[in-house]
Amino acid sequence: MTTTLLNRIVLIAALAIAYVGIPILFGGNAYVLGLIVAALTIAGVAVAWALLGNLGGMVSFGHAAFFGVGSYTSAVLAMKLGVPVFAAMLLGGVGAAVSSVAMLPALRLRGPYFALAILAYAHIFQILATEMTPVTGGAGGLLSIPRFPTVLGFDFGEKLGGYLIVLTIVVLAAFAYDAIRRSTWGLALKAMHDTEVATRVVGVPSTHLKAAMLVLSAFITGVVGAFNAHFISFLDPDYAFSSGWTVLPIAAAIFGGYRTVWGPVVGALAIYLVDQLLFKPILPHGHQMILGVLLCAMILFSPGGLMPALRRRTVKESRHAHA
Amino acid sequence: MLTLEGVQVNFGGVQALKSASFSVAEGESIGLVGPNGAGKTTLFNVISGVVRPTAGRLDFRGTSLLKLPEWKRARLGIGRSFQIPRPFGHCTVRENLLVAQRFGAGKKDPKRIDEILDILNLRDKADRDATTELALTEHKALEVGKALATEPSLLLLDEVLAGLETSSKRAFMERLAAVRDRYRLAMVIIEHDIATIAALCPRVLVLNFGQIIADGSPDAVFRDPEVIRSYTGETTLAEAS
């Protein structure tokens with residue numbers, strides 16, 4: 001069996017479990033389903049972060065800005081202008097993408113300078129959200145944000161509906177990431193990592209490609225932020241622009257393998273669910289410490305992350321089986 | 001096709017190019033020689049857009065290149081190689097060529113990739129990792145291949161023969177001649193090996209201290225006392241030897 005065929009079978013099985021198995025198993029367990037939704041929310045941002053990091057070659061410490069802008073845009077559009085929630089969610093992504101345009105001058109910066117510039121940028125949006133009280137509700141935030149509607153008798157405002165929405169967002173984001181990675185754009189982006197000038201002299205508009213990755217990454221993060229706003233029905237600047245929306249997705253992407261498409265998703269599910277279901281009951285205060293140790297161990301022993309480690313193991317076992 | 005007039009480049013207090021003026025005709029092959037630090041690579045960097053000149057005019061087929069970024073110049077038909085090979089990381093040889101073809105100046109004909117692989121003797125290395133699995137000669141060939149894949153009408157080759165041993169150099173020279181004859185493109189070649197330049201180029205430019213000091217046939221240029229002095233400090237080859 002070829003690796004490609006095996007990958008496809010695993011992917012179809014995983015999607016079947018996600019769309020059918022999980023709702024059957026945990027549809028009635030609001031607590032576990034809520035945790036999975038939270039993990040998938042992190043996964044969505046992690047995929048967007050990895051897309052920018054792996055394809056665009058840029059390390060961002062400011063994805064909380066796109067998350068926050070997306071959530072506020074969507075919430076304000078739905079609350080003040082009566083835009084339907086699903087449309088508002090997509091417009092939240094557009095809002096985040098537009099906000100990322102202001103970051104384009106920073107694309108000239110490399111390495112830590114870009115990371116610091118985007119970190120500072122995230123704070124600007126948090127301040128704006130706090131100060132623009134008539135629109136955003138200021139430090140008090142927004143309450144009673146419209147939930148997802150009932151469509152054809154199915155209530156997307158419930159936990160299960162939210163789960164299916166965020167799952168679809170994450171799957172579509174991962175497919176988009178994979179499609180770009182496999183295209184000549186993806187090839188050019190990969191080629192740019194070590195020697196950008198060498199790609200420019202063969203005609204690659206490297207800054208444009210990086211800009212496209214930044215805008216797409218911001219759009220995905222904004223949609224996830226918007227989803228979260230309508231799912232929890234509440235927003236305030238400290239929460240929407242929390243550094244947690246940057247740190248947890250980065251940890252998830254690195255743990256799962258940010259150079260793979262599904263690594264950030266697997267990483268987010270692994271670290272969040274293991275932390276909440278296993279470590280938190282054992283160590284209610286400071287359970288994140290164990291997570292930190294796990295992340296360090298992963299970086300030391302498998303710098304590529306969980307997915308490449310699993311793949312190596314599968315290949316090894318398959319070789320043993322054929323030997 | 002290419003015209004440079006009074007091109008100057010300053011790096012802080014250092015004047016890398018003083019006032020370079022010359023033109024390249026369609027299909028012409030020119031050798032660019034000069035001692036180390038003469039400004040040869042800077043000249044290539046100016047033409048390809050990697051370095052912006054401080055002053056001067058730079059036109060390609062009637063279009064001023066001065067405000068165009070590197071990638072737009074490549075799409076106009078200016079291809080170049082780097083002195084130190086810069087393969088695209090984590091890409092195979094074929095992927096290197098695919099990127100160059102996809103974003104370059106010409107049609108996206110997959111047959112051309114195979115043709116380039118054949119001419120440069122890289123066919124059996126097509127699926128190898130370009131960064132880690134190639135020998136020096138193959139890296140140099142890939143540099144030329146990437147530039148060719150963009151389908152240029154002007155090819156700038158920066159010391160593609162440097163560091164190669166005699167037999168590899170001869171074989172590589174034959175490949176360059178095949179490239180020149182097959183694609184009928186204009187070439188400017190930076191090279192220290194006078195015999196190579198004389199074999200490939202009917203015209204030679206000599207650059208010294210950022211200025212063109214000689215322009216003519218290889219025979220005339222390499223007998224020019226100023227050229228000899230620029231290399232050896234002596235006025236004749238006999239004195240130098």
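**Exercise 1. Strand 8 of chain B and its partners**

Find which residue of strand 8 of chain B is the bridge partner of Leu155(B), then place strand 8 of chain B among its neighbouring strands.

Solution.
- Step 1. In this predicted model, Leu155(B) has Met187(B) as its bridge partner in strand 8 of chain B.
- Step 2. Strand 7 of chain B, residues 154-158, runs parallel to strand 8 of chain B, and 5 bridges join the two.
- Step 3. From strand 7 the chain passes through helix 6 of chain B, residues 166-183, to reach strand 8; this β-α-β crossover is right-handed.
- Step 4. Strand 3 of chain B, residues 29-33, is also parallel to strand 8 of chain B, with 4 bridges between them. Here Gly31(B) has Ile189(B) as its bridge partner.

**Exercise 2. The faces of strand 8 of chain B**

Decide how many residues of strand 8 of chain B are buried and which residues lie on each side.

Solution.
- Step 1. Strand 8 of chain B spans residues 186-190, and 5 of its 5 residues are buried.
- Step 2. Sort them by side: Ala186(B), Val188(B) and Ile190(B) are on one side, while Met187(B) and Ile189(B) are on the other.
- Step 3. Both faces of the strand are therefore covered, since the residues on each side are buried, a label that needs 20 or more other C-beta atoms within 10 Å.

**Exercise 3. Where chain A touches chain B**

Work out which helix of chain A gives the most to the side that touches chain B, and what packs against its buried residues.

Solution.
- Step 1. The contact involves 17 residues of chain A and 24 residues of chain B.
- Step 2. On the chain A side, helix 8 (184-192) and helix 9 (196-200) each supply at least two residues. Helix 8 of chain A gives the most, with 5 residues.
- Step 3. By class, this side of chain A has 9 nonpolar, 5 polar and 3 charged residues.
- Step 4. The buried residues of helix 8 of chain A are Leu187(A), Ala188(A), Leu189(A), Lys190(A), Ala191(A) and Met192(A). They pack against helix 2, helix 9 and helix 10 (206-232) of chain A, and against helix 3 (93-103) of chain B.

**Exercise 4. The largest nonpolar core**

Identify the helix that gives the most residues to the largest nonpolar core, and list the contacts of Ala252(A) beyond its sequence neighbours.

Solution.
- Step 1. The largest nonpolar core has 170 residues; among those with the most contacts inside it are Ala43(A), Ala46(A), Ala252(A) and Val99(B).
- Step 2. Helix 2 of chain A, residues 30-55, gives the most to this core, with 16 residues.
- Step 3. Setting aside neighbours within four places in sequence, Ala252(A) is in contact with Ile42(A), Ala43(A), Ala46(A), Pro264(A), Gly267(A), Ala268(A) and Ile271(A).
- Step 4. In soluble globular proteins, nonpolar side chains tend to be buried together.

Conventions: Residues are numbered from 1 along each chain as its sequence is written. Chains are lettered from A and ligands numbered from 1 in the order in which they are written. This is a predicted model: local features need pLDDT of at least 70, side-chain atom pairs count only at pLDDT 80 or more; totals for chains, interfaces and linings use all residues. A nonpolar core is a set of buried Ala, Val, Leu, Ile, Met, Phe, Trp, Tyr and Cys residues joined through C-beta atoms within 7 Å. A residue is buried if 20 or more other C-beta atoms lie within 10 Å of its own, exposed if 12 or fewer, and partly exposed in between; C-beta atoms are placed from the backbone. Two residues are in contact if their C-beta atoms, placed from the backbone, lie within 7 Å. Ala, Val, Leu, Ile, Met, Phe, Trp, Tyr, Cys and Pro count as nonpolar, Asp, Glu, Lys and Arg as charged, and the others, Gly among them, as polar. Two strands pair if DSSP finds at least two bridges between them. A crossover is right-handed if, with the strands pointing away from the viewer, the path from the first strand over the helix to the second runs clockwise.
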